[in-house]
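Okay, thanks for coming, everybody. I have one structure to walk through today, so let me put it up and we'll go through it piece by piece.

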Amino acid sequence: MKTNIALIGFMGVGKTAVGKVLAKELDRMFIELDALIEQRAGKTIREIFVHHGEMAFRELEIEVTKEVSEGKNVVIACGGGIVLNQVNIDRLRQKSIIVYLTASPAVILKRILPDGRQRPLLQGANPSLAVQELLRFRRPLYERAADITVNTSKIDVGAVVKRIVEKIKEDEGLN
Ligand code: S3P
């Protein structure tokens, strides 16, 4: 029985902004995995990466995803790297419809550069190249995980939410 929606996709596609509105619309609780990880660790995502490394972050991500994926009636905004460990997707899929939000690399860059310092994976000299390379590697993983895909490049949050609700109705629907 699927009563949850999990939002996946690259940094900057709007998972958090869309998730909050979608949760309100569907009268479900909103959970942001990164925020939960920060709460548990008592550190920001950036601090976890800097002090303990990406592997430690991914372990926390797996732990928190396991817990959250067992819940009911929640909208879950996942971190951009959730697909790197297939176990996360396998667990989410049991009770969640997986919605993949996309955007063009140019739109992604425009959205994430203003708070670029908060994005540990884009700290190098060439964030634009980093986005392209990460996207090339991850795109097939997102596509394989997705039940529903919505391109957010040219539409606002409200319109994205509307598309998601329509597509869910067209498909299997929520329990
Ligand atoms: C990451 C994306 C971030 C955060 C962490 C790693 C990634 O989440 O989980 O910095 O690997 O793409 P957002 O997608 O919410 O920015």
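Let me start with a quick one for the room: in which helix is Gly19 found? Gly19 is in helix α1. And keep in mind as we go that this is a predicted model.

So, Gly19. The relative accessibility comes out at 0%, so Gly19 counts as buried. If you leave aside neighbours within four places in sequence, Gly19 is in contact with Leu7, Gly14, Phe30 and Val75. Don't expect Lys95 around there, though: the C-alpha atoms of Gly19 and Lys95 are separated by 17 Å, and along the chain the two are 76 residues apart.

Staying in that helix, let's go to Lys15. Helix α1 covers residues 15-26, and Lys15 lies in it. Now, what does a buried lysine do for charge here? Lys15 is buried but has no salt bridge. The nearest side chain of opposite charge is Asp34, and that one is 7.0 Å away. For a salt bridge we want the side-chain nitrogen within 4 Å of a carboxyl oxygen, so Asp34 at 7.0 Å doesn't qualify for Lys15.

What Lys15 does have is oxygen partners. A polar atom of the Lys15 side chain lies 3.0 Å from the backbone oxygen of Phe10. There's also the ligand: one of its oxygen atoms is 2.7 Å from a polar side-chain atom of Lys15. As for touching neighbours, not counting residues up to four places away in sequence, the list for Lys15 includes Leu7, Ile8, Gly79, Gly80 and Leu101.

That brings us to the ligand. How many residues surround the ligand? There are 14, and the closest are Lys15, Asp34, Arg58, Arg119 and Arg138. Looking at individual pairs, a ligand oxygen sits 2.4 Å from an N or O atom in the Arg119 side chain. Gly80 joins in through its backbone, with a polar atom 2.9 Å from a ligand oxygen. On its own the ligand would expose 390 Å², and the protein buries 93% of that.

Next up, salt bridges. Searching the whole structure turns up 6 of them. Take Arg40 and Glu67, whose side chains meet with N to O at 2.8 Å. Arg40 is in helix α2 (residues 33-41) and Glu67 is in helix α4 (residues 54-69), so this pair ties together parts that are 27 residues apart in sequence. Arg40 has a relative accessible area of 44%, so we call it partly exposed. Glu67 is partly exposed too, at 41%.

Then there's Glu61 with Arg58, where the closest N and O atoms are 2.9 Å apart. Both of those lie in helix α4, 3 residues apart, which is about one turn of the helix. Are they buried or exposed? Both Glu61 and Arg58 are buried. Add Glu54, and you get a network of salt bridges linking Glu54, Arg58 and Glu61. And remember, Arg58 was also on that list of residues closest to the ligand.

One more salt bridge: Lys66 with Glu70, where the closest N and O atoms are 4.0 Å apart. Lys66 is partly exposed, with 38% relative accessible area.

While we're in that part of the chain, look at Val68, which is found in helix α4. Its relative accessibility is 7%, so Val68 counts as buried. Leaving aside neighbours within four places in sequence, Val68 is in contact with Ile31, Leu33, Leu36 and Ile76.

Quick stop at Thr152, in the loop between β5 (148-151) and α8 (157-170). Loop or not, Thr152 is buried, because its relative accessibility is 3%. Its contacts beyond four places in sequence include Val13, Leu101 and Arg111. Leu101 was on the Lys15 list as well.

Last topic, backbone angles. Most residues other than glycine have a negative phi. Asp27 has a positive phi of about 55°, and it's not a glycine. Asp27 lies in the loop between α1 and β2 (29-32), and at 71% relative accessible area it's exposed. Asn73 also has a positive phi, near 55°. Asn73 sits in the loop between α4 and β3 (74-77) and counts as partly exposed, at 36%.

That's what I've got. Over to you.

Definitions and conventions. Residues are numbered from 1 along each chain as its sequence is written. This is a predicted model: local features need pLDDT of at least 70, side-chain atom pairs count only at pLDDT 80 or more; totals for chains, interfaces and linings use all residues. Side-chain values use heavy atoms; hydrogens and water are left out. Helices (H or I, at least four residues) and strands (E, at least two) are DSSP runs, numbered from the N terminus. Buried means under 20% relative accessible area, exposed over 50%, partly exposed in between (1.4 Å probe, protein chains only). Lys and Arg count as positive and Asp and Glu as negative; His and the chain ends are not counted. A polar contact is a pair of N or O atoms within 3.5 Å; within protein, one must be able to donate a hydrogen and the other to accept it, and residues adjacent in sequence count only if both atoms are side-chain atoms. Contact means heavy atoms within 4.5 Å. A residue is near a molecule or strand if one of its heavy atoms lies within 4 Å of it. Accessible areas come from the Shrake-Rupley method with a 1.4 Å probe; for residues, only the protein chains shown count as cover.
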